[in-house]
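Subject: The structure we talked about

Hi there,

Here is the structure I promised to pass on to you. Please open it next to this email, and then follow along as I go through what turned up.

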Amino acid sequence: MPMKTLVSICMTFTFIVACVAAEAPGFKVAKKYPVPGDGGFDYVVFDGSSNRLYVSHGTKVDVLDADSGKVLGTVENTPGVHGVAIVPSLHRGFSTNGGNGTVSVFDTNTFKTIKSIPVDKDPDFIFYDPQTKRVLVCHGDAAEITAIDPDKQEVAGKIDLGGGAEAAVIDSKGTGFVNLEESATVVSFDPKGLSVKQKWPITGCKTPTGLALDRSSSRLFIGCRSKVLAVMDATSGKVITTLPIGDRVDAVSYDPDNKLIFASNGEGTVSVIHQKSADEYESVGDIATQPSAKTMAFDPKTKRLFLSAAEMEAQPAVSGQRPRMRPKSGTFTILVVERR
């Protein structure tokens, strides 16, 4: 067989294999929920108790029905909103507002703001811990976690982390874990006593962002902007392995039933990793989404993924600065990824 023909066949086979690998997860974008209004966006949060999506959007939070995409209401006046935490038993929601350094407390029935709680600068990721019955806020610039009593609607205390905090999770034994972005470190902390326990370097990782946890095997899944997913033993801090993922990762989710890890990437993919055992992992391909779709929520019951996205355009250049990208007017949407 002529060498030229052989090379052509090999290249074609390699391309086919690559395509098959990319399709391997068996997921696709099945629906798109258009969301009215303009402005930037960050976290999208799924609340299983109400089957709702809470979507950060400019200076407001849009609330959508997760099945239909219908906009149920809006939480207004949340400048520079990042994330949302829901406390179902109190029918209250909490949003982090980076624009004015506050946490808004709102009624999940009426979407009306109840109170604005002043906090330190750069409140970002936020979640509710049902074990301590506290809302925990991760701060970037303030380099701390703020604990809020959702019943009293006031700050209960703080944890000084010594570095900018990204995402955090808490295991079933009452220990929390948070990524420090600049130092590529995981900090374990006590969410009840509000103290730092240990600090571990994330070997092989730069700029950690998203974080998920397998509680049954005590494994942390860390999305790194250096285009890897790091797997860490949550009891020792040892990095077991790293696997390649897409560019500009922001969120990580774990499906314990199917042993799948999802990493959403701003380049327009969701990288999927299969957990063969606590210490064995394999990449099984990417799900094509849309450029800018870097934040993600996971519905553990239906196995759907929800991602915020918009068409991006360059905003007018400011003298002496590089052009920045912004969402194109009228293009903001929620992508719904389902199994084929």
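Let's begin with one residue: T146 sits in strand β12, which covers residues 144-149. Please keep in mind throughout that this is a predicted model.

Is T146 buried or exposed? Its relative accessibility is 1%, and buried means under 20%, so T146 counts as buried. Leaving aside residues up to four places away in sequence, T146 touches V119, V135, L136, V137, H139, V155, G157 and K158. One of these contacts deserves a second look: the side chains of T146 and H139 are joined by a polar contact of 2.8 Å.

A second residue to click on is S95, which lies in strand β7 (residues 92-97). S95 has 0% relative accessibility and counts as buried. Which residues does S95 touch, not counting those up to four places away in sequence? They are V61, T78, V81, G83, V84, T102, V103, S104 and F106. There is also a polar contact of 3.1 Å between the side chains of S95 and N97. If you would like to try the distance tool, pick the C-alpha atoms of S95 and S49: they are separated by 18 Å, and the two residues are 46 apart along the chain.

Now zoom out to the whole chain. How many helices and strands are there in the protein chain? The count is 1 helix and 30 strands. The radius of gyration is 20 Å, close to the 20 Å that the globule rule gives for 340 residues, so the chain is as compact as a globular protein of that length. Along the principal axes, the C-alpha atoms fill a box of roughly 80 × 50 × 45 Å. Of the 340 residues, 51% are buried. The chain exposes about 15,400 Å², and carbon and sulfur atoms supply 52% of that area. Contacts are worth a thought too: among those between residues at least 6 apart in sequence, 43% join residues at least 24 apart.

With that overview in mind, let's look at one sheet. It is an open sheet of 4 strands in the order β18-β19-β20-β21, with antiparallel pairing. Why do β18 and β21 each have one side without a neighbour in the sheet? β18 (208-214) and β21 (239-244) stand at the edges and have a single partner strand each, so one side of each is left free of a neighbour there. On average, neighbouring strands of this sheet are turned by 20° against each other, direction ignored.

Inside this sheet, follow β20, which spans residues 228-233. On one side, 6 bridges join β20 to strand β19 (residues 219-224), and the two run antiparallel. Here L220 stands opposite M232 in β20. β19 and β20 form a hairpin with 3 residues between them, and K227 in the turn has a positive phi of about 65°. β20 also pairs with β21 in the antiparallel sense, over 5 bridges. In β21, L243 is the bridge partner of L229, and T242 is the bridge partner of A230. The hairpin of β20 and β21 has 5 residues between the strands, and G237 takes a positive phi near 85° there.

How many of the residues of β20 are buried? It is 6 of 6, and β20 is mostly covered. V228, A230 and M232 point one way from the strand, while L229, V231 and D233 point the other way.

Finally, have a look at β23 (residues 260-265), where 6 of the 6 residues are buried, so the strand is largely enclosed by the rest of the structure. L260, F262 and S264 point one way from β23, and I261, A263 and N265 point the other way. Strand β22 (residues 249-255) pairs with β23 in the antiparallel sense over 6 bridges. V252 has A263 as its bridge partner in β23, and K259 takes a positive phi near 55° in the hairpin of these two strands. β23 is also joined by 6 bridges to strand β24 (residues 269-277), again running antiparallel. In β24, the bridge partner of L260 is H274. This hairpin has 3 residues between its strands, with G268 in the turn at a positive phi of about 110°.

Enjoy exploring, and write back with any questions!

Best wishes

Note on methods
Residues are numbered from 1 along each chain as its sequence is written. This is a predicted model: local features need pLDDT of at least 70, side-chain atom pairs count only at pLDDT 80 or more; totals for chains, interfaces and linings use all residues. Side-chain values use heavy atoms; hydrogens and water are left out. Two strands pair if DSSP finds at least two bridges between them. Axes are lines fitted to C-alpha atoms, for helices over the stretch in contact, and angles run from 0 to 180 degrees between N-to-C directions. The radius of gyration is taken over C-alpha atoms; the globule rule is 2.2 Å times the number of residues to the power 0.38. Buried means under 20% relative accessible area, exposed over 50%, partly exposed in between (1.4 Å probe, protein chains only). Contact means heavy atoms within 4.5 Å. Accessible areas come from the Shrake-Rupley method with a 1.4 Å probe; for residues, only the protein chains shown count as cover. A polar contact is a pair of N or O atoms within 3.5 Å; within protein, one must be able to donate a hydrogen and the other to accept it, and residues adjacent in sequence count only if both atoms are side-chain atoms.
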